[in-house]
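New to this one? Here is a relaxed walk through it, starting with the bound ligands and then moving out to some individual residues.

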Amino acid sequence: MDKSTDRIIIFDTTLRDGEQSPGATLNVEEKLTIARALARLGVDVIEAGFPYASPGDFEAVQKIAHTVGTENGPTICGLARATKADIKSAAEAVKPAVKGRIHTFLATSDIHLEYKLKKTRAEVLAIAPEMVAYAKTFTPDVEFSPEDAGRSDPEFLYQMLEAVISAGATTVNIPDTVGYLTPSEFGTLIKGIKENVPNIDQAIISVHGHNDLGLAVANFLETVKYGARQLECTINGIGERAGNAALEELVMALHVRRQYFNPFLGRPVTSEAPLTNIDTQQIYKTSRLVSNLTGMFVQPNKAIVGANAFAHESGIHQDGVLKNKLTYEIMDATSIGLNDNQIVLGKHSGRHAFRTRLEELGFDLSETDLNKAFLSFKDVADKKKTITDWDLEAIVNDEIQQPPELFRLELVQVSCGDNACPTATVKIVTPDGEELTDAATGTGPVDAIYKAINRVVNIPNQLIEFSVQSVTEGIDAIGEVTIRLRHEQKIYSGRAANTDIIVASARAYMGALNRLYGALEKRKVNQDNLSVTV
Ligand code: KIV
Ligand code: ZN
């Protein structure tokens with residue numbers, strides 16, 4: 001069986017490694033929304049979570065397997081340490097998927113063996129194939145990762161890979177867990193594996209890597225030249241520490257430079273056939289969705305999906321682009337699903353036009369959500385002359401993609417000015433249905449609002465990030481506020497958009513507090529269940 005392929009498999013781990021970013025915690029519904037978007041994007045494999053890690057993770061993986069892991073949908077994968085309990089849990093979680101995968105891992109670097117696992121090479125060399133064989137009893141599709149492969153002794157790595165492939169691993173993933181390798185080192189590592197693991201043609205070679213030195217994408221592209229055929233990546237490059245390799249950068253590099261990569265995949269140089277299954281037109285939308293739901297801001301100069309990625313500021317560049325786009329552009333903004341940001345709707349637009357445009361933008365809303373978003377649109381259209389696609393996206397995200405409103409903000413009112421003491425009044429309905437009004441003063445209007453809200457909600461937290469961005473240009477632009485707060489070492493985010501940034505600030509804070517409150521309530525329920533079982 002020769003497992004080599006002439007196309008690159010995109011393995012998305014936004015919902016597993018990506019969700020490990022501080023503050024990127026997502027609830028089950030949000031994970032499902034992202035999984036659906038990933039399926040539309042065309043990823044081959046969705047690593048949906050780490051089922052043994054928590055009941056919430058298990059539930060999310062199982063739901064994704066059930067709803068997104070359909071006949072024509074992606075493979076749904078669950079992560080598991082190399083233990084029977086982890087593997088069994090991953091197997092149960094991915095079972096509803098038509099194509100389910102178990103991804104099990106065990107470290108192979110001496111540093112990890114000595115300090116983390118306290119095991120010898122011989123011990124892990126015995127455990128890994130045994131666990132792969134155990135995983136095979138649940139599904140034919142088993143991936144194995146020798147964690148910290150980038151710092152492992154290559155000779156030991158070869159032995160490990162040969163053993164797990166003999167035990168049935170169909171994908172062997174080579175992780176640069178700490179983002180230490182350089183492109184030529186990673187390329188050489190894959191070349192060595194190809195040359196020294198006798199049964200390597202029975203498995204797909206995959207790569208996984210972190211961006212600690214900003215090299216993850218460059219590293220992966222180099223490995224493609226030596227036989228890596230699965231790339232593990234995340235939307236916007238989110239993930240543990242400095243993040244993972246960014247899906248959009250890998251896909252667009254393979255797309256824009258396919259003539260360069262074609263020969264490495266055994267194709268004629270001029271072949272126009274895509275190197276991945278990704279529908280590149282979905283990239284921008286998916287990036288925005290992940291950013292909105294995780295509260296992880298995309299830096300303006302981020303390649304492919306940053307706000308400035310297609311903007312030309314210098315007069316010389318603008319002149320060149322007007323004469324011929326090719327002078328300064330290597331790809332067209334429309335190829336990632338960005339349109340020319342034309343004015344689409346206004347105050348007099350009806351529900352039909354609104355629904356049609358949202359469908360064109362790829363939103364798939366239920367009737368209830370559509371009605372909610374339409375009311376919000378009418379409200380904005382009263383204050384803002386022209387509604388662009390960016391505005392529409394902000395309105396929908398603000399209205400629909402909010403955590404459950406456990407505490408509901410009914411009213412926010414501020415008075416401030418250069419000779420006034422900033423004062424805010426808020427009216428909030430608590431989860432018990434009680435309506436509470438309170439007021440506070442602060443160093444500025446937002447500070448006053450947050451203090452007033454804290455007096456009602458009363459959950460101690462530390463505000464660690466507050467940012468305001470304008471969605472479009474102009475005095476009547478919608479402002480988008482993102483905030484992150486910390487409670488007991490965990491980070492919770494909130495985002496809201498409004499033509500009034502004071503209102504957006506209040507709503508963003510309420511969003512983050514609702515996430516925090518929801519998590520605390522969930523923890524309470526889990527503890528109660530545990531005490532009942534014990
Ligand atoms: O970075 C890493 O090594 C991982 C493994 C679980 C693949 O995320
Ligand atoms: Zn990782």
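What follows is a short tour of the metal site, the other ligand and a handful of residues elsewhere.

Keep in mind throughout that this is a predicted model.

**The zinc site**

Let's begin with the metal. Which residues coordinate the zinc ion (ligand 2)? The donors come from D17 (OD), H208 (NE2) and H210 (NE2), at 2.0 to 2.1 Å. Along the chain, these donors of the zinc ion follow the spacing D-x190-H-x1-H. So D17 sits on one side of the x190 stretch, while H208 and H210 have just x1 between them.

Are the two histidines buried or exposed? H208 has a relative accessibility of 5%, and because buried means under 20%, H208 counts as buried. H210 is also at 5% relative accessible area, so H210 is buried by the cut-off of under 20%.

**Around ligand 1**

The zinc donors turn up again when you look at ligand 1. The residues around ligand 1 are R16, D17, H103, F105, S145, E147, N173, P175, T177, H208 and H210. D17, H208 and H210 are therefore on both lists, as zinc donors and as neighbours of ligand 1. Sorted by class, this shell has 2 nonpolar, 6 polar and 3 charged residues.

Some of these residues place a polar side-chain atom close enough to an oxygen atom of ligand 1 to be worth listing with a distance:

| Residue | Distance from a polar side-chain atom to an oxygen atom of ligand 1 |
|---|---|
| T177 | 2.6 Å |
| H208 | 3.1 Å |
| H210 | 3.1 Å |

How much of ligand 1 does the protein bury? Taken alone, ligand 1 exposes 260 Å², and the protein buries 93% of that. As for where the shell comes from, the elements that give two or more residues to it are β4 (100-107), β5 (142-147) and β6 (171-176).

**Residues by β5 and β6**

Two of those strands lead on to some other residues. D141 lies in the loop between α5 (121-136) and β5. With 18% relative accessibility, D141 counts as buried, because the limit is under 20%. The side chain of D141 makes a polar contact with the side chain of T170, at 3.5 Å. Not counting residues up to four places away in sequence, D141 touches T75, G100, R101, I102 and T170.

In strand β6 you'll find T171. T171 is buried too, at 3% relative accessibility. Leaving out residues up to four places away in sequence, the ones T171 touches are R101, V142, E143, F144, A203, I204, S206 and Q230. R101 therefore appears among the contacts of D141 and of T171.

On the other side of β5, D148 is found in the loop between β5 and α6 (154-166). What is the phi of D148? D148 has a positive phi of about 60 degrees, although D148 is not a glycine. At 0% relative accessibility, D148 counts as buried.

D201 is in the loop between α7 (183-196) and β7 (204-209). D201 has 38% relative accessibility, which means partly exposed, since that value falls between 20% and 50%. The C-alpha atoms of D201 and I165 are separated by 9.5 Å, with the two residues 36 apart along the chain.

**Further along the chain**

Next stop is G442, in the loop between β13 (435-441) and α16 (445-457). G442 is buried, with a relative accessible area of 17%. Setting aside neighbours within four places in sequence, G442 is in contact with P422, D447, A448 and K451. G442 and R258 are 184 residues apart along the chain, and their C-alpha atoms are separated by 56 Å.

R486 lies in strand β15 and is partly exposed, with a relative accessible area of 31%. Apart from residues up to four places away in sequence, R486 touches N461, Q462, I464 and I491. The C-alpha atoms of R486 and E114, 372 residues apart along the chain, are separated by 34 Å.

Last comes Q489, in the loop between β15 (479-487) and β16 (490-498). Q489 has a positive phi of about 70 degrees, although Q489 is not a glycine. Is Q489 buried or exposed? Q489 counts as exposed, because 72% relative accessibility is over 50%.

Terms used
Residues are numbered from 1 along each chain as its sequence is written. Chains are lettered from A and ligands numbered from 1 in the order in which they are written. This is a predicted model: local features need pLDDT of at least 70, side-chain atom pairs count only at pLDDT 80 or more; totals for chains, interfaces and linings use all residues. Side-chain values use heavy atoms; hydrogens and water are left out. Donors are N, O and S atoms within 2.8 Å of the metal (3.2 Å for Na, K and Ca); water is not among the atoms, so sites may look incomplete. Buried means under 20% relative accessible area, exposed over 50%, partly exposed in between (1.4 Å probe, protein chains only). A residue is near a molecule or strand if one of its heavy atoms lies within 4 Å of it. A polar contact is a pair of N or O atoms within 3.5 Å; within protein, one must be able to donate a hydrogen and the other to accept it, and residues adjacent in sequence count only if both atoms are side-chain atoms. Accessible areas come from the Shrake-Rupley method with a 1.4 Å probe; for residues, only the protein chains shown count as cover. Helices (H or I, at least four residues) and strands (E, at least two) are DSSP runs, numbered from the N terminus. Ala, Val, Leu, Ile, Met, Phe, Trp, Tyr, Cys and Pro count as nonpolar, Asp, Glu, Lys and Arg as charged, and the others, Gly among them, as polar. Contact means heavy atoms within 4.5 Å.
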